[in-house]
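Hi everyone, thanks for coming. Today I'd like to walk you through one structure, starting with its aromatic rings and then moving on to its pockets.

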Amino acid sequence: MVAVVQKSAPTFKATAVVEGLFKEIALSDFQGQWVILFFYPMDFTFVCPTEILAFNDALPQFKELGAAVLGVSTDSEYAHFAWAQQPRKQGGIGPNLQLPLIADRNMQISREYGVLIEEAGIALRGLFIIDPKGIVRQITINDLPVGRSVEETLRLLKAFQFADEHGEVCPLGWTEGSKTIKPDPKGSLDYFASVDNDVGMQDVTARKRARKD
């Protein structure tokens with residue numbers, strides 16, 4: 001089984017480091033919540049701490065949206081624990097890490113989510129948004145050199161929540177409070193008409209500025 005959008009997320013149970021303690025974590029523990037599940041290549045590396053710390057620092061924002069955030073790598077729980085003891089200024093992620101780090105030592109979770117580099121035994125930078133029913137709603141997979149964006153993850157989470165609650169769809173670049181689309185031929189015209197007007201006004205403003213210059 002490999003994770004696919006619109007399908008049930010592969011279940012798992014594994015040991016994690018949670019606030020300095022070892023704890024068994026299962027995906028089923030978060031039933032009824034949104035889950036942000038992200039994979040990273042290795043502990044004690046370079047891009048990985050920037051991502052983990054950013055997601056950790058944003059945990060209150062995710063919690064406010066009813067979402068849990070879980071990090072996964074193929075390192076052992078002991079490596080996670082040691083890394084969490086190392087100060088941030090020295091490339092570590094401690095000492096105030098609240099984000100659970102799951103040890104996928106047998107690589108099964110990474111494999112089932114389609115992010116495992118088999119030859120290296122490490123995961124690509126995969127990120128999965130899973131809804132309260134356990135359905136995968138979004139997948140992002142980066143190659144190793146480039147980190148992800150917490151802000152974009154929050155934007156996508158808000159967009160899916162808005163669409164589920166209101167039955168409207170979110171256009172390109174949608175952000176909270178901006179216009180959405182009624183998903184039917186007649187209702188959608190309200191959005192497209194307003195966008196055309198906005199674009200028209202932007203063109204007029206641009207022409208006026210050009211004349212002044």
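**Rings and pockets**

So, if you search the whole structure, you find 13 aromatic pairs. Keep in mind that this is a predicted model.

Let's pick one pair, F22 and Y78. Their ring centres are 5.4 Å apart and their planes sit at 85 degrees; planes over 60 degrees apart count as edge-to-face, so that's what we call this pair. What does the pair link? It links distant parts of the chain: F22 belongs to strand β2, residues 21–26, while Y78 belongs to helix α3, residues 77–85, and the two are 56 residues apart.

How accessible are these two? F22 has 44% relative accessibility, so we call it partly exposed. Y78 has 57%, so that one counts as exposed.

There's also a cluster joined up by ring pairs: F38, Y40, F44, F55, F62 and W83.

Okay, on to the pockets. The largest pocket holds about 330 Å³ of space. It's lined by 14 residues, and L59, A68, V69, Q98 and P100 are the closest to its centre. Which element gives the most to this lining? That's β4, with four residues. Strand β2, α2 (59–64) and β4 (67–73) each supply at least two. By class, the lining of the largest pocket has ten nonpolar residues, two polar and two charged.

The second largest pocket has a volume of about 190 Å³. Here 15 residues form the lining, with L27, S28, Q31, K133 and G134 closest to the centre. This lining splits into six nonpolar, seven polar and two charged residues.

That's it from me, thanks!

Note on methods: Residues numbered from 1 in each chain as written. Predicted model: local features only at pLDDT ≥ 70, side-chain atom pairs only at ≥ 80, totals over all residues. Heavy atoms only, no water. Phe/Tyr/Trp six-rings, centres within 6.5 Å; stacked < 30°, edge-to-face > 60°. Buried < 20%, exposed > 50% of the residue type's maximum accessible area, 1.4 Å probe, protein only. 1 Å grid on protein atoms, 1.4 Å probe; cavity = no way out; pocket = protein on both sides within 12 Å on 5 of 7 lines; lining within 4 Å. Points joined across faces, edges and corners; volume = space filled by probe spheres on them. Nonpolar A, V, L, I, M, F, W, Y, C, P; charged D, E, K, R; others polar.
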